[in-house]
Amino acid sequence: MDVKPDRDRPASGKAASAKGRKEAAGKKAEPPKLPVVAIPTVLIVDASREDRDLIASIALGEGCVVHTFEKAVGLMEAFQQHRPHLVFLDKGLKHINVLEIVRQCQAFNAALVLQGEFVNTREIQLAVKMGITDLLTKPMTAVNVTPKILNTLAYVKDVLKRKVDFHGPDDEASSLAMQEKITKLMEKTVDVMALPQVASRIIQLCSLQTTSADDLNKAASIDASISSLLLKRANSVAYGTTIRVNSLRDAVVRLGYRTVRSIATLISVFKLADASEKSFCFNRLGHWVHSLAVGVMAELLADKTRAGGAEDFFLAGVLHDFGKLILDDYLHEHYTEVVKRVGQKRISMREAEAEVFGVTHDKIGAQIAARWKLPETIVEAIAGHHDREKILAVDDVSRTVLPGFIHAADQMAKALMIGNSGDGYGLPLNRSVCEGYGIDKLMNRDTAVAVFHRVKELIEWINIPLEKTGLEKPSEPNGKHVCIVDGGRPDLLLDLFFASHGYDIRRFGDGWEAGVVPDWVLYDFREGLPEGTANLTGVPSPVFGAIALRAAGQELPPFVPRNTVSITAPLDYFNLMLAVAGKLSEVAPTLPEDVHKH
């Protein structure tokens, strides 16, 4: 069923006058200049005819072009042919890979609504993490789903009003125009993104040696949200006391100046760049949750490794990707293109930003932080948390440790799948930082649980709806084992990932106990095969199956069992989680481009 509204009818509905027709007859005919009206194209894929018709009737009533399908067969071709703006997908259809559809929607800047029976909380949380726009619970009724469908259609129409066509080739003129936009953006943010006076005053006071607790108390008391969070933090279990603090001044004394500065900045920045959607498919709420997780993880790493300055680590972690929100706020039409390229090319947000803007979020975020007069170490951490040279230089503790720790915290938060950074790709950690500062000893479930509870606490404090965040407590130990076979350079993030899912992790040849049968064998050959061996003997046969991680273009060796699910770098934790859950082995007839059967 393909139903299209009549687009040939003049918008005014009025016929031209007889006089106008006579005048037009004496002139050379010219094509009329009609206003360009963006009409949303909607794909509805659902096994239930009643549900298809219900959604279609609402979409048609809103003037959309509608295409409906009973089965998923040929769905990829439908994307190419119809280029939809919104897709409704029945998750119960056979031979469906939701992750593949998510990526296809990102590639076409299309919103995705998933419908089905959502009885599993984990399933709902995964859908939120994957960036699905909304969920429609079956059985569907007009009363239950109409408001949600109308809201989604309104959102799509709003995006189309400000949509920019990026399908043409990049040229020098467009590149220069983009550079001019970036320059104006930085000039504009000096005023528009200025911190509120209270936060600026607190930052200034914390930099002065003569500042007293009374000074900070007086400054913080002006802002109710800052005062409230300071009191909540001072009375949290993290401070290990049952004596309750009731006055703001006592809270300042208990917390210390750096913590007061961090909390004031966090609240103010959250107000400046809220969680409401701007660019299509960029999940701002997920971004905020991820940023909180990085801040918490960095603070925990600083505390556990005794690096010092945990408060600065927290603030640098929270602000490490703030530049993404700046670009999303003021160049959201173009940031949609960034998200699209991430899905199409399987590159990081930073790489896509460099292609579209010629500048990246870390540099913009650092400039803003410098103008806020935050400490230089925090500014450098924001600017350098992707800089491999800075991260590798660990000798000068005061200058280089913080960027390295933020880099580690960022990757660890991705491995725990807390929030959404914009891409799900994990990078191997800098081993010199991990081993030199003991971070490698923290890749366990205890770390995952500690971060979960702290992030949950912060989410509640700053009034983010918990049910919308997809935050999930790490799994309890389930008695299952994973045997990891790598090329001699272990990726410690895999330990953290599997520990958070309740697995016991062992590496082949490194204490693997004879007689222990693993549930999964994971081959990690992204950095090459084990040296000096053309074959691996003695790798135990798994209960469920084998997963192989490989570099792009890399052939798996013959000793890897047939029917192994192969995931191509960069590692997508969503794919890995689905593989462990056995979902990737069920999809047919196609798998995502980075996932193959060996």
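**Group meeting: helix packing, ring pairs and backbone oddities**

Hi everyone, let me start with a spot in the backbone: M417 sits in the loop between α21 (397-415) and β7 (425-426). Before I go on, please keep in mind that this is a predicted model. M417 caught my eye since its phi is positive, about 60 degrees, although it is not a glycine. Most residues other than glycine have a negative phi. Is M417 buried or exposed? With a relative accessibility of 7%, M417 counts as buried.

There is another residue of this kind, K373. Its phi is positive too, at about 65 degrees, and again it is not a glycine. You will find K373 in the loop between α18 and α19. Here the relative accessibility is 68%, so K373 counts as exposed.

While we are on the backbone, let me show you two cis peptide bonds. Most peptide bonds are trans. The bond from K138 to P139, however, is cis, with omega near 0 degrees, and P139 belongs to the loop between β6 (134-137) and α6 (142-161). The bond joining A569 and P570 is cis as well, with omega about 5 degrees. P570 is in the loop between β12 (565-568) and β13 (571-572).

Now to the helices, and to α10, residues 224-234, to begin with. Which residues of α10 are buried? They are I226, S227, L229, L230, R233 and A234. An α-helix has 3.6 residues a turn, so residues three or four places apart point the same way. The buried residues of α10 pack against a whole set of helices: α8 (197-206), α9, α11, α12 (257-272), α13 (284-304) and α23 (445-461).

Let me pick α11 from that set. The axes of α10 and α11 are 9 Å apart, at an angle of about 55 degrees. The two helices are therefore oblique to each other, and α10 passes α11 in a left-handed crossing. On the α10 side the contact uses S227, L230, L231, R233 and A234, and on the α11 side L248, A251, R254 and L255. By type, the residues of this contact of α10 with α11 are six nonpolar, one polar and two charged.

α11, residues 248-255, also packs with α9, residues 213-220. Their axes are 9 Å apart and the angle is about 120 degrees. That value makes α9 oblique to α11. What is the hand of the crossing in which α9 passes α11? It is right-handed. From α9 the contact takes A213, D214, L216, N217 and A220, and from α11 it takes L248, R249, V252 and V253. For the contact of α9 with α11, the split is six nonpolar, one polar and two charged.

Last topic: aromatic rings. How many aromatic pairs does a search of the whole structure find? The search finds 12. One of them brings together F322 and W372: the ring centres are 5.4 Å apart and the planes are at 50 degrees, so this pair is tilted. F322 is in helix α15 (residues 322-330) and W372 in the loop between α18 (361-371) and α19 (376-384), so to speak a link between distant parts of the chain, 50 residues apart. Both of these residues, F322 and W372, are buried.

F497 and F498 give us an edge-to-face pair, with 5.2 Å from centre to centre and 85 degrees between the planes. F497 and F498 are both buried. Ring pairs also join F497 and F498 with Y503 and Y573 in a cluster.

Thanks for listening!

Methods: Residues are numbered from 1 along each chain as its sequence is written. This is a predicted model: local features need pLDDT of at least 70, side-chain atom pairs count only at pLDDT 80 or more; totals for chains, interfaces and linings use all residues. Side-chain values use heavy atoms; hydrogens and water are left out. Axes are lines fitted to C-alpha atoms, for helices over the stretch in contact, and angles run from 0 to 180 degrees between N-to-C directions. Helices (H or I, at least four residues) and strands (E, at least two) are DSSP runs, numbered from the N terminus. Angles under 35 degrees count as roughly parallel, over 145 as roughly antiparallel, 65 to 115 as roughly perpendicular and the rest as oblique. A crossing is left-handed if the near helix is turned anticlockwise from the far one by less than a right angle, and right-handed if clockwise. Contact means heavy atoms within 4.5 Å. Ala, Val, Leu, Ile, Met, Phe, Trp, Tyr, Cys and Pro count as nonpolar, Asp, Glu, Lys and Arg as charged, and the others, Gly among them, as polar. Rings of Phe, Tyr and Trp (its six-membered ring) pair if their centres lie within 6.5 Å; planes under 30 degrees apart count as stacked, over 60 as edge-to-face and the rest as tilted. Buried means under 20% relative accessible area, exposed over 50%, partly exposed in between (1.4 Å probe, protein chains only).
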